[in-house]
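Hello,

Here is the structure I promised to pass on to you. Please open it alongside this email, and then read on for what turned up.

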Amino acid sequence: MTLREENFWLTTVAMPSTDRSVSLPETADVAVIGAGFTGLSAARMLAKKGARVVVFEAETIGWGASSRNGGMVLTGLKLGVNKLVRVYGRERTRKMYAASLASIDCVEQIVREEGIACGFSRCGHLEVACKQAHFDDYARQVEVIAREFNHQLKIVPRQELRTEIGSDIYFGGMVDQISAGVNPAQYVADLGRAAMRAGACVFEQTSVENVERATRQGSQGWRLATSRGTSWARDVFVGTSGYTGAATPALRKKIIPIGSYIIATEVLPENLAWELSPNNRMIYDSKNYIYYYRLTPDRRMLFGGRAAFFPESRDSIRRSAEILRRGMIEVYPQLRETRVEFVWGGTLDFAFDIMPHAGQMDGMYYAVGYAGHGVAMASYQGQLMAQRIAGEKPDNPFEGIPFPGAPLGLYDGRPWFLPLAGAYYKFLDWVS
Ligand SMILES: Cc1cc2nc3c(=O)[nH]c(=O)nc-3n(C[C@H](O)[C@H](O)[C@H](O)COP(=O)(O)OP(=O)(O)OC[C@H]3O[C@@H](n4cnc5c(N)ncnc54)[C@H](O)[C@@H]3O)c2cc1C
């Protein structure tokens, strides 16, 4: 079989279809921009609360990162807990960590309530140390997480690592049993169906081009100019993540879009698959230039990483296939003769402080900045922001924290500095 430049997950699901002949409603209570986990989980909850919700998606449901990711439903944040405590203090960090655990419960609850057959399973995650110093840091993290957040992780010393992974290149590992795995395309497809069942109107192939304040019959709100006409809404919620564009320029300046790429091999023999990942964990390593990998439900090795820093293009996807295959063989020499059948890419959203952020900017609501930890957190932030828009006061520890822009304001949303950042992180991996 030749290499297919397409998202493996999409070959396993039927995405929902929407009627493209329906015209836009003149008004809505809430307009949601983006039909990924963030936008759809907000739309579902708002519609269940009785709001008239319209979702605008420039492409198709789940087209962004939400259908393309590794399907790892992870505890914790991208930044380690020691750094979080240093920056935000104990109390706020405690809430942030609790939110990361609650976000997994949130996905589990949506899956259960909506009967979504996306293979949600609490298989746990394994982080593996690329250096002795990284492994030493695991012990410190486990201690802080147990003491401060009452959450238990397990250290796996190097000599026991074969019980977790069929590779000898790491210095040890750390397991969190609470994390889960899903088929992300199935999850986002059925989240879209659930939002529509609840009453949200989803408009695919409808790009929001401009949003401006507009009063209508005495009510303050927003006029949204889209590729299919205009609409008015009392509130706007932006869930555009790494694909945030010119329609929301202030938010765009706060987000760095970073490419991430994945390959999937041919189906592996059962005994080889279990040798590679005996407990079927979601696995990632401790580098800045990270590799993340897992088995798919049909026993392929799905292996991802930041093979190029720029957002995906035909060129970067093609080049990534070979870079990631070499990375995979470094980890698993057993896969030297294994065919790679799929390669694809997607765009992550990083804030300058590598933290999730939610709240209101220029009067519009938003939730962004998941930094590769978005399957669970985006679903959760969508729900929290839906509650917020509905006038409730959920405790959201990512609201109200400083949301830095680029140093000296040297950024207009086009990430000219990514090659430099890529080189810098490679350098950090080499020296630290
Ligand atoms: C390759 C890859 C692997 C990943 N692996 C993992 C993982 O294993 N675990 C994990 O937790 N996270 C992972 N992530 C991150 C995770 O997928 C994202 O954080 C999450 O999907 C973000 O969801 P979202 O709904 O906010 O954004 P998206 O799913 O990206 O959706 C944003 C949508 O907004 C639409 N849009 C943008 N602008 C407009 C506009 N003007 N008008 C209308 N629509 C617009 C886009 O078309 C897009 O569909 C990965 C990401 C990538 C790319």
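Arg299 is a good place to start: with 25% relative accessibility, Arg299 is partly exposed, because the buried class ends at 20% and the exposed class begins over 50%. Please keep in mind that this is a predicted model. Arg299 sits in the loop that runs between strand E14 (291-295) and strand E15 (301-305). The backbone is worth a look here too, since phi of Arg299 is positive, at about 70°, although the residue is not a glycine. As background, most residues other than glycine have a negative phi.

Asn280 makes a nice companion to that residue. Its phi is near 55°, again a positive value in a residue other than glycine. You will find Asn280 in the loop between helix H7 (270-276) and strand E13 (282-285). Asn280 is partly exposed, with a relative accessible area of 28%.

Now to the ligand. Which residues come closest to the ligand? They are Thr38, Glu57, Ser66, Met72 and Val375, out of 35 residues that surround the ligand. Sorted by class, this shell holds 14 nonpolar, 19 polar and two charged residues. Several elements each give at least two residues to the shell: helix H1 (37-48), helix H2 (65-68), strand E12 (255-265), strand E16 (340-351) and helix H9 (374-389).

Some polar atoms of the protein can be paired with atoms of the ligand:

- In Asn69, an N or O atom of the side chain is 3.2 Å from an oxygen atom of the ligand.
- In Gly70, a backbone N or O atom lies 3.0 Å from a nitrogen atom of the ligand.
- In Gly374, a polar backbone atom is 2.9 Å from an oxygen atom of the ligand.

How much of the ligand's accessible area does the protein cover? On its own the ligand has 1000 Å² of accessible area, and the protein covers 96% of that.

Next, the cysteines. A disulfide is a covalent bond between the sulfur atoms of two cysteines. A search of the whole structure for such bonds finds zero. Take Cys123, which is in no disulfide: the nearest cysteine sulfur belongs to Cys118 and is 12 Å away. That distance rules out a disulfide because the two sulfur atoms would have to be within 2.5 Å. Is Cys123 buried or exposed? Cys123 is buried, with a relative accessible area of 11%, so it falls under the 20% cut-off. Cys130, by contrast, is partly exposed, with a relative accessible area of 22%.

Two further residues are worth finding on your screen. Pro402 is located in the loop between H9 and helix H10 (418-431). With 63% relative accessibility, Pro402 counts as exposed. Setting aside neighbours within four places in sequence, Pro402 is in contact with Asp353 and His357. Ile317 is 85 residues from Pro402 along the chain, and the C-alpha atoms of the two are separated by 34 Å.

Ser17 lies in the segment before strand E1 (27-33). Ser17 also counts as exposed, at 66% relative accessibility. Between the C-alpha atoms of Ser17 and Ala139 there are 48 Å, and the two residues are 122 residues apart along the chain.

Happy exploring, and best wishes!

Note on methods:
Residues numbered from 1 in each chain as written. Predicted model: local features only at pLDDT ≥ 70, side-chain atom pairs only at ≥ 80, totals over all residues. Heavy atoms only, no water. Near = heavy atom within 4 Å. Polar contact = N/O pair within 3.5 Å; in protein donor to acceptor, adjacent residues only side chain to side chain. Areas by Shrake-Rupley, 256 points an atom, 1.4 Å probe, with all protein chains shown as cover. Helix = DSSP H or I, 4+ residues; strand = E, 2+ residues; numbered from the N terminus. Nonpolar A, V, L, I, M, F, W, Y, C, P; charged D, E, K, R; others polar. Buried < 20%, exposed > 50% of the residue type's maximum accessible area, 1.4 Å probe, protein only. Contact = heavy atoms within 4.5 Å.
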